[in-house]
Amino acid sequence: MVQHPAGIDGAAVAALAEERIDWRFKGMPSWAFGLTARELAERRPNLFDDGFLGPLVVIERPALEHNVRTMAEWCERAGVVLAPHGKTTMAPQLLAAQLAAGSWAITAATASQVQVYRAFDVSRVVLANQLVDRAALRWVAEELARDPRFEFVCWVDSVRGVELMAEALAGRKLARPIDVAVELGGHGGRSGVREVTDGVAVAGAVAASPGLRLVGVSGYEAALSHDTTPEALSTVDGYLRRMRELTVRLAREGLLADVDQVLVTAGGSCYFDQVAAVLTEPWPDGLRVLPVLRSGSYVTHDDGLYRRMSPFGRPHELTGGETPFRPALRAWAQVTSRPEPGLALLTLGRRDVSFDQDLPEPQLLRRAGGPPAPLESCRVTALNDQHAFLDVGSGTDIRVGDWVGLGLSHPCTVFDKWQLMPVVDADGATVVDLVRTWF
Ligand SMILES: Cc1ncc(COP(=O)(O)O)c(C=O)c1O
């Protein structure tokens, strides 16, 4: 496993700014139809005064840049490399920023996501999943043959899966074998072998398959723990230690002999401090290990799930003097109705924002060109497809036409609702860029 950062085609990413804006992208001002994204951004329009249509979800640039930089610096100090999960944003511009900050690879969850990355020539991809789809496997094999710089690894967790992969590749002239890592899971968790001995059996099946090469061990601790109680943290710790045990076992049995450095990968955005701590403890027998984190949601952080769960939001072992991640996504919606004293309806619904972890959190109020003011004593109680129900605390002055700014929980299910998102500067209103997504 090589340690240098992965590459991306900078020209292909830059070309996104030449895409023309029109009605296909919700929220864009009609005066900009026919302009390119770059031309719009160069005019530095104001989100509230220059024709954008609500609801909108914006990316706050200073917070985003802070998060990318903070995580990159922390990983370097912690002795791990980062393969950020790209499924959070599916935005090549943001992947490019993560790679420019030194990311080792980009992680995908599906073969289609790998295809998006490859359209931008991302040179190293971790597919954090099994890949038994014949068509997808053959496409990966062709891609490896077409581009000698392309490195790819996916996961295996059953002998049957390995056999299916081997069958799909049989009789094909492979430029290189497909790299795989044995996934360890845990009882009550998601995919991954449940026992170390099962992992050894799967690795043995890989060794018997000429089209495949075993490069390490993979896992996802957040499939086993969902909060930050001492029990949950201890479950994560125990699981990571089992990943170590499987790695050492595979090495001792000679099943990792084809690589000079063994890949061991875990880590979302909830427990990455523990992952780094356990995976960087000294390895026995001079085993050379590359610990790879796959955090994705850290990039925008949030005002809900990750505010509760991120090591940057709770007592933690991060001692480098980091400032915590900052939420970089904000939704803006207008009050369209005040039908009852305690109720306001906003132009924002399930089509626009995440609702799978927490409902949006009202935080700011903007009235007719004025500056935003903190909004307390209001809460969103329900979302319909295109409406939010705002419970208005007594004494709170909220009027039809006001804009409400909301914090969001779980970025992954926000980005997928937007194909083009305004990026705003420190004032929260000046649009300086547009970010394109592909889901
Ligand atoms: C296998 C895997 N790795 C990494 C991640 C990234 O986790 P997070 O979104 O908390 O950063 C996910 C998220 O679902 C995942 O499923």
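This is a short chat about the ligand site and two backbone details of a predicted model.

Student: Before we start, what are the ground rules for this model?
Tutor: Residues are numbered from 1 along each chain as its sequence is written, and side-chain values use heavy atoms, with hydrogens and water left out. The model is predicted, so local features need pLDDT of at least 70 and side-chain atom pairs count only at pLDDT 80 or more, while totals for chains, interfaces and linings use all residues.

Student: Which residues surround the ligand?
Tutor: The shell consists of His85, Lys87, Ala128, Arg190, Tyr220, Gly268, Ser269, Arg294, Ser295, Gly296, Ser297 and Tyr306, where a residue counts if one of its heavy atoms lies within 4 Å of the ligand.

Student: Which side chains make polar contacts there, say with an oxygen atom of the ligand?
Tutor: Taking a polar contact as a pair of N or O atoms within 3.5 Å, a polar side-chain atom of Lys87 lies 2.8 Å from a ligand oxygen, and one of Ser297 lies 2.7 Å from an oxygen atom of the ligand. In addition, an N or O atom in the side chain of Arg294 is 3.1 Å from a nitrogen atom of the ligand.

Student: And how much of the ligand's accessible area does the protein cover?
Tutor: Of the 390 Å² that the ligand has on its own, 93% is covered by the protein, with areas from the Shrake-Rupley method and a 1.4 Å probe.

Student: Switching to the backbone, where is the cis peptide bond?
Tutor: That bond joins Gly54 and Pro55, with omega about 0°, whereas most peptide bonds are trans.

Student: What about phi of Asp121, positive or negative?
Tutor: Phi of Asp121 is positive, near 60°, in a residue other than glycine; most such residues have a negative phi.

Technical notes
Polar contact = N/O pair within 3.5 Å; in protein donor to acceptor, adjacent residues only side chain to side chain.
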